[in-house]
Amino acid sequence: MGLLLDRRRMNAASEVFNLTSQSVDNNLAQYDDNEAVCYHESGHAVSAIILKVRFDLVSVIRSDEYQTDGRVAFGDHPCDWRLVNGSSIDHALNYCIFLMAGMAAQLRWQGNEADLKACGCNDRDALDTACVFIAAKNSIAARADSREVKLIKAWAWREACLMMANPRAWRAVCSLARYLYTSEQGTATESEVAKVVAAEKAGYKPTRGIAGITRVTTVAVTSP
């Protein structure tokens, strides 16, 4: 029953793009912050393998240089605006889902105690940039506050939530998160993550193309 309720929550979350702080009372929170980071970063890494977004490694070690508690490092692989500006539309859209997958994984794990505003500010900033580039590549309104850009952002959140609702993808996230949490290194390479995803036979096929995004994103959209 618990898993079914989790999937229902993720399906409900996919219909609303409202990434605001839920004002968690830290004195009452029952979740380990380090474990939360493991699930967040595992969501990114597993989605990257499924969506064929290349990366170097995933880490749950705090980085003062990047001011993050964990991150997916791209190494020599293109990321952010370089990936969006120099790739196909489908690949660029996959990158947007990847950016939202960390928050979606944390939401599924923590439920109403997930503070999405606090845990994904860098992800949302990168999503803003990516969506403007994608809109510009399609010769549509490319302002950050335009409805077209908001539709792409809402779609990326929807697809990330639906991916985390997929049982096989979620098992892969849980398996990787447990590994990162118990590992002394606190890291996993792209090939190691790929083995976890393959073991669970995890997969997900997002809606394709700008026309498809407009068709499936029919709810009112709000800025993150």
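## Thr182 and the end of H8

Let's start with Thr182, which sits in helix H8. In this predicted model, Thr182 has a relative accessibility of 63%, so it counts as exposed. Its side chain still finds a partner: it reaches the backbone oxygen of Arg178 at 2.9 Å.

Thr182 is also a handy reminder that sequence distance and spatial distance are two separate things. Glu35 is 147 residues away from Thr182 along the sequence, yet the two C-alpha atoms are 9.6 Å apart in space. Keep Glu35 in mind, as this residue comes back when we get to helix H2.

## Into the loop: Ser183 and Gln185

Now step into the loop between helix H8 (167–182) and strand E3 (187–189), where you'll find Ser183. Is Ser183 buried or exposed? Its relative accessibility is 14%, and the cut-off for buried is under 20%, so Ser183 counts as buried. Thr182, by contrast, is exposed at 63%.

Gln185 belongs to the loop between H8 and E3 as well. The side chains of Ser183 and Gln185 are joined by a polar contact of 3.0 Å. Gln185 also has a far-off sequence partner to look at: Ser59 is 126 residues away along the chain, but the C-alpha atoms of the two are separated by 8.5 Å.

## How H2 packs on H8

Two packed helices are described by the angle between their axes and the distance between the axes. For helix H2 (residues 33–51) and H8, the angle is about 130° and the axes are 8 Å apart. That angle is over 115 but not over 145 degrees, so H2 and H8 are oblique to each other. The crossing of H2 past H8 is right-handed.

Who does the touching? On the H2 side, the contact is made by Asn34, Glu35, Cys38, Tyr39, Ser42, Gly43, Ala45, Val46 and Ile50. On the H8 side, the residues are Ala169, Trp170, Ala172, Val173, Cys174, Leu176, Ala177, Leu180 and Tyr181. Sort them by class and you get 14 nonpolar, 3 polar and 1 charged residues.

## How H6 packs on H7

There's another helix pair to explore. Helix H6 (residues 121–137) and helix H7 (residues 147–165) have axes that come within 9 Å and cross at roughly 125°. As a result, H6 and H7 are therefore oblique to each other. H6 passes H7 in a right-handed crossing.

From H6, the contact uses Leu127, Asp128, Cys131, Val132, Ile134 and Ala135, while H7 brings in Val149, Ile152, Lys153 and Ala156. What classes do these residues fall into? The contact of H6 with H7 has 8 nonpolar residues, no polar ones and 2 charged ones.

## A buried arginine

Next, find Arg108 in helix H4 (residues 89–110). Arg108 has a relative accessible area of 1%, so it is buried. Its side chain has a polar atom that lies 2.5 Å from the backbone oxygen of Met164. Met164 falls within the stretch of H7, residues 147–165.

## Two lysines with positive phi

Most residues other than glycine have a negative phi. With that in mind, have a look at Lys52, whose phi is near 65°, a positive value in a residue other than glycine. Lys52 is in the loop between H2 and strand E1 (57–59). With 65% relative accessibility, Lys52 counts as exposed.

Lys201 is another residue other than glycine with a positive phi, this time near 55°. You'll find Lys201 in the loop between helix H9 (190–199) and helix H10 (209–216). Its relative accessibility is 63%, so Lys201 counts as exposed.

## Zooming out

Time to step back and look at the whole protein. How many helices and strands does the protein have? It has 10 helices and 3 strands. Trace the chain along the sequence and the pattern reads α-α-β-β-α-α-α-α-α-α-β-α-α.

Of the 224 residues in the protein, 49% are buried. Finally, consider contacts between residues at least 6 apart in sequence: 75% of them join residues at least 24 apart.

Key:
Residues are numbered from 1 along each chain as its sequence is written. This is a predicted model: local features need pLDDT of at least 70, side-chain atom pairs count only at pLDDT 80 or more; totals for chains, interfaces and linings use all residues. Side-chain values use heavy atoms; hydrogens and water are left out. Axes are lines fitted to C-alpha atoms, for helices over the stretch in contact, and angles run from 0 to 180 degrees between N-to-C directions. Helices (H or I, at least four residues) and strands (E, at least two) are DSSP runs, numbered from the N terminus. Angles under 35 degrees count as roughly parallel, over 145 as roughly antiparallel, 65 to 115 as roughly perpendicular and the rest as oblique. A crossing is left-handed if the near helix is turned anticlockwise from the far one by less than a right angle, and right-handed if clockwise. Contact means heavy atoms within 4.5 Å. Ala, Val, Leu, Ile, Met, Phe, Trp, Tyr, Cys and Pro count as nonpolar, Asp, Glu, Lys and Arg as charged, and the others, Gly among them, as polar. Buried means under 20% relative accessible area, exposed over 50%, partly exposed in between (1.4 Å probe, protein chains only). A polar contact is a pair of N or O atoms within 3.5 Å; within protein, one must be able to donate a hydrogen and the other to accept it, and residues adjacent in sequence count only if both atoms are side-chain atoms.
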